Amino acid sequence: MAEDQIRYDILAQEALRGVMRKVLAEVARTGLPGNHHFFITFMTGAPGVRISSRLRERYPEQMTIVIQFQYWDLKVTDTGFEVGLSFSDIPEKLEIPFSAVRGFYDPSVNFELEFEVKTDTAEVEPAPAEPVAVVKPAERKSESKKKAAATEESKEAQDEAAPGKGAEVVSLDAFRKK
């Protein structure tokens, strides 16, 4: 097989990160439409990631955040995004370069992107079955039975992650539609 001197793999990764960037920029501008919400997995040790030392100690390799009900100050640039989230009732600001994102998933439409991530030491291949930390959104009143069920699951997960109990570590596979 001929050597790929154009590096289509890198071009495809950049194009798919552009999809994520465009979606997040639109959400920052207008808010989440309908039932859309995002699970974003990123490598905490990747260059440019800025999270508190408390979160870095708790999630030294990777973590997954949920952009759904309770987030604030979502800002998107050409190279990354920042968002405010609450972890065990402690507000945190996260700055995440798109190059650190390993996975982007919108379960409302079963849309998923996986990326290779370069860290300081090596390139990391996507591994969707690997456990990641998930921060669940708080409960809010729903408009349909489906939303009510999803909200109840979120409340139960949040209760389990209450102070002193730690965050639940789960696989992204648990959120995929079968």
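**View 1. Three strands of this predicted model form an open sheet.** Follow the strands across the sheet and you meet them in the order β3-β4-β5, with antiparallel pairing. The edges belong to β3 (72-76) and β5 (90-97). Each of these two strands has a single partner strand, so one side of each is left without a neighbour in the sheet. On average, neighbouring strands here are turned by 20° against each other, direction ignored.

**View 2. Strand β3 meets strand β4.** Here we look at the pairing between β3 and β4 (residues 80-87), two strands that run antiparallel and are joined by 3 bridges. To find your way, look for K75, which stands opposite E82 in β4.

**View 3. Helix α1 lies across β3 and β4.** Now bring the helix into the picture: α1 runs at about 140° to β3. The helix covers residues 8-30, and Q13 is found in it.

**View 4. A close look at Q13 in helix α1.** Is Q13 buried or exposed? Its relative accessible area is 18%, and because buried means under 20%, Q13 counts as buried. Which residues does Q13 touch, leaving aside its neighbours within four places in sequence? Q13 is in contact with E114, F115 and E116.

**View 5. Q13 and V117, apart in sequence and in space.** Try finding both residues in the sequence: Q13 and V117 are 104 residues apart there. In the folded model, the distance between them is 9.9 Å, C-alpha to C-alpha.

Definitions and conventions
Residues are numbered from 1 along each chain as its sequence is written. This is a predicted model: local features need pLDDT of at least 70, side-chain atom pairs count only at pLDDT 80 or more; totals for chains, interfaces and linings use all residues. Side-chain values use heavy atoms; hydrogens and water are left out. Helices (H or I, at least four residues) and strands (E, at least two) are DSSP runs, numbered from the N terminus. Buried means under 20% relative accessible area, exposed over 50%, partly exposed in between (1.4 Å probe, protein chains only). Contact means heavy atoms within 4.5 Å. Two strands pair if DSSP finds at least two bridges between them. Axes are lines fitted to C-alpha atoms, for helices over the stretch in contact, and angles run from 0 to 180 degrees between N-to-C directions.
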